[in-house]
Amino acid sequence: MYTLYTGKYTRGLMVEMVMAEGAIEYRRKDVDITRGEERSEAFLAINPAGWVPALQCPDGEVLFETPAINLFLCERHRITSLAPGTDDPDRGVFLSSLFYLTDEIEPALKRYWYPHYFGDGDDNAAVIEGRAIESVLHGFGVIDQRLAARGPCHLGERFSLPDLMTAYWALSFATNARLADAFDALPCVARCIDIARARPKLA
């Protein structure tokens, strides 16, 4: 059985969403990042990068980096609804969307949530956060255009891993009261969120 090291305020929920979609059994171990447990010696022995989540496979191998874990689970358990196979015509668009979210949206969100990691002093942190918000909104604007052209999901009518990630990150970003209306001008992203929320296994 898999063991998932996860916790509140982490990307572990995204892995749990994939586990739910694929009906994959796992054991959950919570890591409290509000107490710095992700930097403890015990957890660093599991994930030396010091980030949550981490996934211990049945054979003992430990994986980290959320998009990699999710793609691995989809391919290992043949959840082709979420991750098209290598011979699927949708594979190229799927990978393009997946890596755009991973390479553009996630780093900008990390700067938004943890500006103190990237600069010294409150003033510098405020500048970093402001620029991060601009980057996040630009990135979601690009996604909105893709969804408008292909939608309602990244692969047309087919809900896949990039849609799950888009909904997760958009909802996480908009939890800040100042950004509650961030997606009013991005109707296709808002529609993607609604589609994810309506999936019974993600409810």
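# Exercises on a predicted chain

Tyr9 sits in the loop that runs between E1 and H1. The model is predicted, and the exercises below work through its overall build and several of its residues.

**Exercise 1. Determine whether Tyr9 is buried or exposed, and describe its phi angle.**

Solution.
- Step 1. The relative accessible area of Tyr9 is 65%.
- Step 2. The cut-off for exposed is over 50%, so Tyr9 is exposed.
- Step 3. Phi of Tyr9 is positive, at about 65 degrees, although Tyr9 is not a glycine.
- Step 4. For background, most residues other than glycine have a negative phi.

**Exercise 2. Carry out the analysis of phi and accessibility for Ala23.**

Solution.
- Step 1. Ala23 belongs to the loop between H1 and E2, and comes just after H1.
- Step 2. Its phi is near 50 degrees, a positive value in a residue other than glycine.
- Step 3. With a relative accessible area of 61%, Ala23 is exposed.

**Exercise 3. State how many helices and strands the chain has, give their order, and compare the radius of gyration with the globule rule.**

Solution.
- Step 1. The chain holds 7 helices and 4 strands.
- Step 2. Read from the N terminus, the order is β-α-β-α-β-β-α-α-α-α-α.
- Step 3. The radius of gyration is 17 Å, and the globule rule gives 17 Å for 203 residues; the chain is therefore as compact as a globular protein of that length.
- Step 4. The C-alpha trace spans about 50 × 45 × 25 Å along its principal axes.

**Exercise 4. Describe the burial, contacts, surface and charges of the chain.**

Solution.
- Step 1. Of the 203 residues, 45% are buried.
- Step 2. Take the contacts between residues at least 6 apart in sequence: 63% of them join residues at least 24 apart.
- Step 3. The accessible surface amounts to about 10500 Å², and carbon and sulfur atoms account for 51% of that.
- Step 4. There are 21 positive and 29 negative side chains, and 4 Å separates the centres of the two sets.

**Exercise 5. Decide whether helix H1 is largely enclosed or not, and identify what its buried residues pack against.**

Solution.
- Step 1. H1 covers residues 12–22, and 8 of its 11 residues are buried.
- Step 2. The buried residues are Gly12, Met14, Val15, Glu16, Met17, Val18, Met19 and Glu21.
- Step 3. Because 8 of the 11 are buried, H1 is largely enclosed by the rest of the structure.
- Step 4. The strands that the buried residues of H1 pack against are E1 (2–6), E2 (26–30) and E3 (54–56).
- Step 5. The helices they pack against are H3 (66–76), H4 (91–113) and H6 (161–173).

**Exercise 6. Describe the surroundings of Thr3.**

Solution.
- Step 1. Thr3 is part of strand E1.
- Step 2. The cut-off for buried is under 20% relative accessible area; Thr3 has 2%, so Thr3 is buried.
- Step 3. Leaving out residues up to four places away in sequence, Thr3 touches Arg27, Lys29, Ala54, Leu55 and Gln56.
- Step 4. With Arg27 there is a polar contact between the two side chains, at 3.0 Å.

**Exercise 7. Describe the burial and contacts of Asn47, then the peptide bond that precedes Pro53.**

Solution.
- Step 1. Asn47 lies in the loop between H2 and E3, and Pro53 also has its place in the loop between H2 (41–44) and E3.
- Step 2. The relative accessible area of Asn47 is 1%, so Asn47 is buried.
- Step 3. The side chain of Asn47 reaches the backbone nitrogen of Ala49 at 3.0 Å.
- Step 4. Beyond residues up to four places away in sequence, Asn47 touches Pro53, Ala54 and Phe64.
- Step 5. The peptide bond joining Val52 and Pro53 is cis, with omega about 15 degrees.

**Exercise 8. Locate the cis peptide bond between Gly151 and Pro152.**

Solution.
- Step 1. Gly151 and Pro152 are joined by a cis peptide bond with omega of about 15 degrees.
- Step 2. Pro152 is in the loop between H5 and H6.
- Step 3. As a reference point, most peptide bonds are trans.

**Exercise 9. Place Glu134 and classify its accessibility.**

Solution.
- Step 1. Glu134 is in helix H5, which covers residues 122–150.
- Step 2. Its relative accessibility is 57%, so Glu134 counts as exposed.
- Step 3. Ala108 is 26 residues from Glu134 along the chain, and 8.8 Å separates their C-alpha atoms.

How values were computed: Residues are numbered from 1 along each chain as its sequence is written. This is a predicted model: local features need pLDDT of at least 70, side-chain atom pairs count only at pLDDT 80 or more; totals for chains, interfaces and linings use all residues. Side-chain values use heavy atoms; hydrogens and water are left out. Helices (H or I, at least four residues) and strands (E, at least two) are DSSP runs, numbered from the N terminus. The radius of gyration is taken over C-alpha atoms; the globule rule is 2.2 Å times the number of residues to the power 0.38. Buried means under 20% relative accessible area, exposed over 50%, partly exposed in between (1.4 Å probe, protein chains only). Contact means heavy atoms within 4.5 Å. Accessible areas come from the Shrake-Rupley method with a 1.4 Å probe; for residues, only the protein chains shown count as cover. Lys and Arg count as positive and Asp and Glu as negative; His and the chain ends are not counted. The place of a charge is taken as NZ of Lys, CZ of Arg, CG of Asp or CD of Glu. A polar contact is a pair of N or O atoms within 3.5 Å; within protein, one must be able to donate a hydrogen and the other to accept it, and residues adjacent in sequence count only if both atoms are side-chain atoms.
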